[in-house]
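Reader: I would like a close look at how the strands of this model pair, followed by a word on its nonpolar packing. Could you take me through it carefully, with the cut-offs behind each term?

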Amino acid sequence: MNRTDRLLAIVLELQGKGRQRAEDLAATFETSKRTIYRDIQALGQAGVPLMSTPGRGYSLMAGYFLPPLSFSTDEATMLLLGSGVIREHFDAQYRAAAESASRKILGVLPEKLRAEVQALQESIHFVESGVQAKTQEQLKLQHLRRAILQRTRVRFRYHRRQGAPAEPEPDEREADPYALVHVGDAWYLTAYCHLRQGIRHFRLDRMDDLALLTATFTRPVDFSVSQAYAENDRFTLVVRALFAAEVARWVREAPSFFTVSMEDTSGGLLVTLQMRHERDVLQWLLSWGRSVRVLEPASLQRLIAEEARAIAQAYQSPED
């Protein structure tokens with residue numbers, strides 16, 4: 001944090017928390033007390049009305065406020081919760097920025113509204129799992145964010161799920177990264193793939209040995225993330241599956257990424273999906289066991305039947 005940002009942050013900290021000692025401010029901004037003393041002196045010279053009480057610290061003169069932001073309780077809560085999500089999903093640089101933004105938002109709220117927002121914050125939490133996987137993902141996010149900003153080509157090995165049940169070797173790809181998208185519980189990189197000569201979407205947890213290259217690129221001026229997903233002409237395979245009525249609620253609760261529509265019928269819940277390959281949705285369909293029946297295409301019906309026979313065979317005893 002540079003000095004200008006820190007001076008503003010100190011004012012917001014005093015406005016939001018009231019009286020603060022030099023050692024408290026030093027701990028908050030990870031600097032020395034000597035630096036805080038110099039910052040307080042600079043703020044006083046700039047006309048900020050500060051009061052100092054020996055042994056108790058610094059405070060702002062009553063009635064001094066920065067220009068107010070007009071937030072409702074819900075608006076401020078959403079902004080602060082959003083900064084909490086950023087802290088969980090991004091690397092240290094963005095976590096620090098999110099924490100700084102939270103302090104600024106809290107600092108400009110009236111005292112009564114601030115108390116309401118903080119009470120709601122304590123009542124709403126996001127629980128993350130998989131610490132090791134999360135750390136690896138954050139490192140990839142950090143590298144890819146830099147590659148997107150600097151327009152730098154990347155290279156990585158990619159594990160595909162379509163085709164054979166297990167690919168013998170992952171593909172090596174070089175791609176121009178355009179955007180990062182968080183879908184469901186996973187991050188995806190939208191990029192121009194030089195192997196496939198087109199826009200592709202890569203799931204981060206399927207990428208290994210990510211490296212930034214020296215080659216640079218120019219992103220198309222008309223590129224749009226939403227359009228790239230909406231106009232993905234590879235999602236041409238249409239699947240229709242009928243789920244038993246007793247599991248319809250749970251299917252709605254945990255739909256497949258490839259779900260296009262759901263319709264209640266007399267026979268159960270009719271789900272329409274659109275994808276590239278049958279195997280993109282195979283595991284999801286198999287997880288519902290006998291509660292689902294694929295209506296089309298016939299190729300997927302045969303694939304599920306083959307998987308079911310293989311599963312049954314795996315559980316047969318030697319005597320059978």
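**Strand pairing and packing**

Author: Strand β3 (residues 152-158) runs antiparallel to strand β4 (residues 171-183), and five bridges join the two; strands here are DSSP runs of E with at least two residues, helices are runs of H or I with at least four, both numbered from the N terminus, and two strands pair if DSSP finds at least two bridges between them. This is a predicted model, in which local features need pLDDT of at least 70 and side-chain atom pairs pLDDT 80 or more, while totals for chains, interfaces and linings use all residues. Residues are numbered from 1 along each chain as its sequence is written, and side-chain values use heavy atoms, without hydrogens or water.

Within this pairing, F156 has R173 of β4 as its bridge partner. The two strands belong to an open sheet of five, ordered β6-β5-β4-β3-β7 with antiparallel pairing, whose edges are β6 (198-203) and β7 (207-216), each paired on one side only. Neighbouring strands of the sheet are turned by 45° against each other on average, with direction ignored.

As for packing, the largest nonpolar core (buried Ala, Val, Leu, Ile, Met, Phe, Trp, Tyr and Cys joined through side-chain atoms within 4.5 Å; buried means under 20% relative accessible area with a 1.4 Å probe, protein chains only) holds 24 residues, and F243, V251, L273, W284, L285 and L300 touch the most other members. Among the elements that each supply at least two residues of this core are β8 (237-243) and α11 (298-314). Leaving aside residues up to four places away in sequence, V251 touches F243, M262, L269, V271, W284 and W288, where contact means heavy atoms within 4.5 Å.

Notes. Buried means under 20% relative accessible area, exposed over 50%, partly exposed in between (1.4 Å probe, protein chains only). Axes are lines fitted to C-alpha atoms, for helices over the stretch in contact, and angles run from 0 to 180 degrees between N-to-C directions.
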